Structures are given as structure tokens and as C-alpha cells.
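Hello,

Here is the structure I said I would pass on to you. Please open it alongside this email, and I will walk you through what turned up.

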Amino acid sequence: MERIGMVDDGEELRVDREVASAIASHSTVATRAVKAAVRGALDLTIEQGLRYENELISLCFAKAEVIRPGGSADQDAR
């Protein structure tokens, strides 16, 4: 196998599944916030992006505070 990038040739699908599994193991709210921050980074200045990221983090913490006893953020989000 020739190593071209970060993943050995022929290992792409296995690594994709590992990454997807790691992402899926996190909070739905946090995962959506990260996706929004990445998308926003494409169109925002550094200052705007940092401000936007801070707002998203605040929303994640706010969501965590309203979790019902015995529940989880993922259960509340669904």
C-alpha cells in the first residue's frame, strides 16, 4: 500500500466509520454546534467566527442546564 494522505490506501471506509462513530458518541447539541461553527468559519472573519463560536458554546451550556433529572441533552433534543 502506498501512503498518500493521512489514511493508508484502502483504509478509507474503516477510518470513516471510526470517525463517524466517535462523532456520534458526543452530544447531539454539541455536534450540531461544531458543525455550525465550521460552516460559519467559511464566511466569517476571525473576530466574527470567535464571537459566533462563543455564542454556540453558550447555547450548549444553556441546553445542559435545562436537562431534566435523569435525562440527557440528547434525549431532550430528540
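Let us begin with one residue: Ala41 is exposed, because its relative accessible area is 52%, over the 50% that marks an exposed residue. Ala41 belongs to helix 2. Across the fold, the C-alpha atom of Ala41 is 9.0 Å from that of Tyr52, and the two residues are 11 apart in sequence. Please keep in mind throughout that this is a predicted model.

Now for the overall picture. The protein has 4 helices and 0 strands, so from the N terminus the order of elements reads α-α-α-α. Of its 78 residues, 10% count as buried. The exposed surface of the protein comes to about 6,500 Å², with carbon and sulfur atoms supplying 58% of that area. If you look at contacts between residues at least 6 apart in sequence, 37% of them join residues at least 24 apart.

Helix 2 deserves a longer look.

How far apart are the end C-alpha atoms of helix 2, and does this agree or disagree with the span expected at 1.5 Å a residue? Helix 2 covers residues 28–41, which makes 14 residues. Those 14 residues should span 20 Å, and the end C-alpha atoms are indeed 20 Å apart, so the two values agree.

Which residues of helix 2 are buried? They are Thr28, Val29, Ala33, Ala36 and Gly40. These buried residues sit on the same side of helix 2, because the arc they cover around the axis is only 135°. On the face turned away from that buried side you will find the exposed residues Val34, Val38 and Ala41, so the residue we started with, Ala41, is exposed at over 50% relative accessible area.

The N-terminal end of helix 2 has a cap, and the residue that provides it is Ser27. A side-chain oxygen of Ser27 lies 3.2 Å from the backbone nitrogen of Val29, and Val29 is itself one of the buried residues of helix 2.

Two more pairs link helix 2 residues with other parts of the chain. Ala30, also found in helix 2, is partly exposed, with a relative accessible area of 30%. Ala30 and Leu56 are 26 residues apart in sequence, and their C-alpha atoms are 8.6 Å apart. The other pair is Leu50 and Ala37: 13 residues separate them along the chain, and 8.9 Å separates their C-alpha atoms. Leu50 has its place in helix 3 and is exposed, with a relative accessible area of 53%.

Next, the charged side chains. Side chains of opposite charge can pair when their charged atoms come close. How many salt bridges does a search of the whole structure find? The search finds 3.

Glu11, Arg14 and Glu18 are linked in a network of salt bridges. Within this network, the side chains of Glu11 and Arg14 meet at 2.5 Å, N to O. Arg14 also forms a salt bridge with Glu18, where the closest N and O atoms are 2.5 Å apart. Helix 1 covers residues 12–24, and because Arg14 and Glu18 are 4 residues apart in it, about one helical turn separates them. As for accessibility, Glu11 is partly exposed at 23%, Arg14 is partly exposed at 44%, and Glu18 is partly exposed at 45%.

Away from that network, Glu47 and Arg51 form a salt bridge through their side chains, at 2.9 Å, N to O. Both residues lie in helix 3, which runs over residues 46–65, and they are 4 residues apart, about one turn of the helix. Are Glu47 and Arg51 exposed or buried? Glu47 counts as exposed, at 55% relative accessibility, whereas Arg51 counts as partly exposed, at 45%.

If you would like a place to start, try helix 2: turn the model until Thr28, Val29, Ala33, Ala36 and Gly40 face you, and then turn to the other face to look for Val34, Val38 and Ala41. After that, the network of Glu11, Arg14 and Glu18 makes a good second stop.

Enjoy exploring, and do write back with any questions.

Warm wishes

Terms used:
Residues numbered from 1 in each chain as written. Predicted model: local features only at pLDDT ≥ 70, side-chain atom pairs only at ≥ 80, totals over all residues. Heavy atoms only, no water. Helix = DSSP H or I, 4+ residues; strand = E, 2+ residues; numbered from the N terminus. Expected span 1.5 Å × (residues − 1). Buried < 20%, exposed > 50% of the residue type's maximum accessible area, 1.4 Å probe, protein only. Arc of directions from axis to C-beta. Polar contact = N/O pair within 3.5 Å; in protein donor to acceptor, adjacent residues only side chain to side chain. Contact = heavy atoms within 4.5 Å. Areas by Shrake-Rupley, 256 points an atom, 1.4 Å probe, with all protein chains shown as cover. Salt bridge = Lys/Arg side-chain N within 4 Å of Asp/Glu carboxyl O.
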